[in-house]
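Reader: I'd like a close look at one part of this model, residue by residue. Could you walk me through what sits around it?

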Amino acid sequence: MGIIAWIAIGLIAGAIAKALTPGKDPGGCLVTMVIGIVGGLLGGWLGQLVFGVDGVKGFFHLSTWITAIVGSVIVLFLYRLVSGRRG
């Protein structure tokens, strides 16, 4: 159940991360969703390490959302670096 919660958070966090980071993105809506999910899972993992928040019980904690958004911004930044070199 924890992974499903982080996927749900990741979808929203991906949209927020795309809105927070300026510049043109090489991907569309589907890429944003994947980046959000990966970033949410990364943020969830980091949140458990740093804050000790459980994915299911901590769904509405501010630290959960912050780590998911930060994870999504990191993944989006890395994606822009990789895709910018290919083009």
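Author: Here is a walk around T21, followed by a look at G71 and the nonpolar core. Keep in mind that this is a predicted model.

Let's start with T21, which sits in the loop between helix 1 and helix 2 (29–50). Loop or not, T21 counts as buried, because its relative accessibility is 15% and the cut-off for buried is under 20%. Its side chain has polar company: one of its polar atoms lies 2.9 Å from the backbone oxygen of A17. The T21 side chain also makes a polar contact with the side chain of R80, at 3.2 Å. If you skip the neighbours within four places in sequence, T21 is in contact with V73, L76 and R80.

Now over to G71, which has its place in helix 3 (residues 62–86). G71 comes out at 0% relative accessibility, so it counts as buried. Again leaving out neighbours within four places in sequence, G71 touches G39, L42 and G43. As for I37, it is 34 residues away from G71 in sequence, with the two C-alpha atoms 9.5 Å apart in space.

Last stop, the largest nonpolar core: five residues in all, namely W6, I9, A13, A68 and I69. Helix 1 (2–20) and helix 3 each put in at least two residues of this core. Helix 1 is the top contributor here, with three residues.

Key
Residues are numbered from 1 along each chain as its sequence is written. This is a predicted model: local features need pLDDT of at least 70, side-chain atom pairs count only at pLDDT 80 or more; totals for chains, interfaces and linings use all residues. Side-chain values use heavy atoms; hydrogens and water are left out. Helices (H or I, at least four residues) and strands (E, at least two) are DSSP runs, numbered from the N terminus. Buried means under 20% relative accessible area, exposed over 50%, partly exposed in between (1.4 Å probe, protein chains only). Contact means heavy atoms within 4.5 Å. A nonpolar core is a set of buried Ala, Val, Leu, Ile, Met, Phe, Trp, Tyr and Cys residues joined through side-chain atoms within 4.5 Å. A polar contact is a pair of N or O atoms within 3.5 Å; within protein, one must be able to donate a hydrogen and the other to accept it, and residues adjacent in sequence count only if both atoms are side-chain atoms.
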